[in-house]
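Colleague: Could you take me through one part of this model at close range? I would like to look at a strand, its partners and the charged residues that follow.

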Amino acid sequence: MRRPLALVTAVLFALSPAVPATAEPVDPEGGTGGPDYPRGSEGPEGSEVAFEFQDERIAESSGLAPSLRHEGVWWTHNDSGDFAPEVYAVNEEGETVATIALNVELRDWEAITVGPGPAGEPTVFVGDIGDNFGGSWPNVRVYHFTEPEVLADTTVDPAVLTFTYEDGGRDAEGMMIDPRDGRLYVVSKEFAGSVYTVPENLDPDGENVLSRVDSAPLFATDAAFSPDGSRYAIRTYWGVTLYDATNGVPGASVGSFDLPETEQGESVAFTPDGTALMAGTEGPGAEVWRVPLEGEQLPDSAAGAAGAESPAEAAGGGGPDEDTGDGGPDEEETSNGAAPLIVGGVAVAVVLIGGIVLLVRRA
């Protein structure tokens, strides 16, 4: 969703290279463009455009989710604006194969996911969770309907779940459902974003309170679980972070990397086999990228099927006994020499963020 705040985001993005990184330095010439590669707007090696939306009605795709009933089909929808309250089933060529009209208001639709419904059947969930006024809506809503067994144009009266935040209103664009237990999570889009979860028992007629369970990356625009639930992804305008959800949410980060440069990165989803992410953007005829995963970032089911390498092997390194460099005092000297740069970088970051916050408040 475009807004004055996006300008501030661009400023932060442009200035961020001035802040020294605390991670190990990467040789730009020897880098692979894979996971943990520094910001370069090219995405991991092997990233490619999977398809482009062919339907002119899909002008601001803001969410993306694979069908659980129809192979090669993806669900998407438009953002807020002068759009009909519709979701679209799109094939692998980007062609719309079905349009589902919802008899509800399109206030600020920001996310879509397909997961187990109340009775366990495949269900499409549409998140009316955006808030361009900084959390001024009294509540947010998630619409859901059973995924049709036959793809055809139709109109439905979806069920409605209503939510409020335990710590006050939020603007959010990320929503995901754990396929293992059907638990729904919402990710706010803020400087200090958060991951929220729904109550264990949902009230279909009343308001349900969203409880904060973890922090989230800066300006998160979407989120998704892997098909087996062992990983989840949270994306921003420019990149994505993967988490190990073996023991639930919150999960430990297993790395982050840039996504291919797009007009305005909005959506993310795992492919049905879990070996890659699909990353979409707004705009007429927008591209949807397929971004391969590797190493620890692969879901358990995909890693087992592929016989994935260990994290060290995936990164190009050897085992613990392999000679990886000179070591000794030289490495310690390098580490100590970086300390002043790190401290200076933190100071610069504090000043930048403080100034940006002031600009946002004035705006």
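**Strand S10 and the charged residues after it**

Modeller: Happy to! Asp178 is buried, with a relative accessible area of 3%. Please keep in mind that this is a predicted model. Asp178 has a charged partner, as Arg180 forms a salt bridge with Asp178, and their closest N and O atoms lie 2.8 Å apart. Arg180 itself is partly exposed, at 39% relative accessibility, whereas Asp178 falls in the buried class because its value is under 20%.

Now step back along the chain to strand S10, residues 159–165. Five of its seven residues are buried, so S10 is largely enclosed by the rest of the structure. In a regular strand, side chains alternate between the two faces of the sheet. Strand S8 (residues 140–146) pairs with S10 in the antiparallel sense, over five bridges. To find this pairing on your screen, look for Arg141, whose bridge partner in S10 is Thr162. S10 also pairs with strand S14 (residues 207–215), this time in the parallel sense and over four bridges. Here Thr164 is a handy marker, with Val209 as its bridge partner in S14.

Next come the charges. Arg170 forms a salt bridge with Asp167, with 3.4 Å between the closest N and O atoms. Asp167 is partly exposed, at 33% relative accessibility, while Arg170 counts as buried at 18%. Arg170 has another partner too: it forms a salt bridge with Glu190, where the closest N and O atoms are 3.3 Å apart. This second pair links distant parts of the chain, 20 residues apart: Arg170 sits in the loop between S10 and strand S11 (172–177), and Glu190 in the loop between strand S12 (184–188) and strand S13 (194–197). Side chains of opposite charge can pair when their charged atoms come close. For the wider setting, the structure holds eleven salt bridges.

One more stop is worth making, just past S14. Phe219 is found in the loop between S14 and strand S15 (220–225). Phe219 is not a glycine, yet its phi is positive, at about 55°. This residue is also buried, with a relative accessible area of 1%.

So, as you turn the model, start from S10 with its partners S8 and S14, then follow the chain to Arg170 and its salt bridges with Asp167 and Glu190.

Conventions. Residues numbered from 1 in each chain as written. Predicted model: local features only at pLDDT ≥ 70, side-chain atom pairs only at ≥ 80, totals over all residues. Heavy atoms only, no water. Buried < 20%, exposed > 50% of the residue type's maximum accessible area, 1.4 Å probe, protein only. Helix = DSSP H or I, 4+ residues; strand = E, 2+ residues; numbered from the N terminus. Pairing = 2+ DSSP bridges. Salt bridge = Lys/Arg side-chain N within 4 Å of Asp/Glu carboxyl O.
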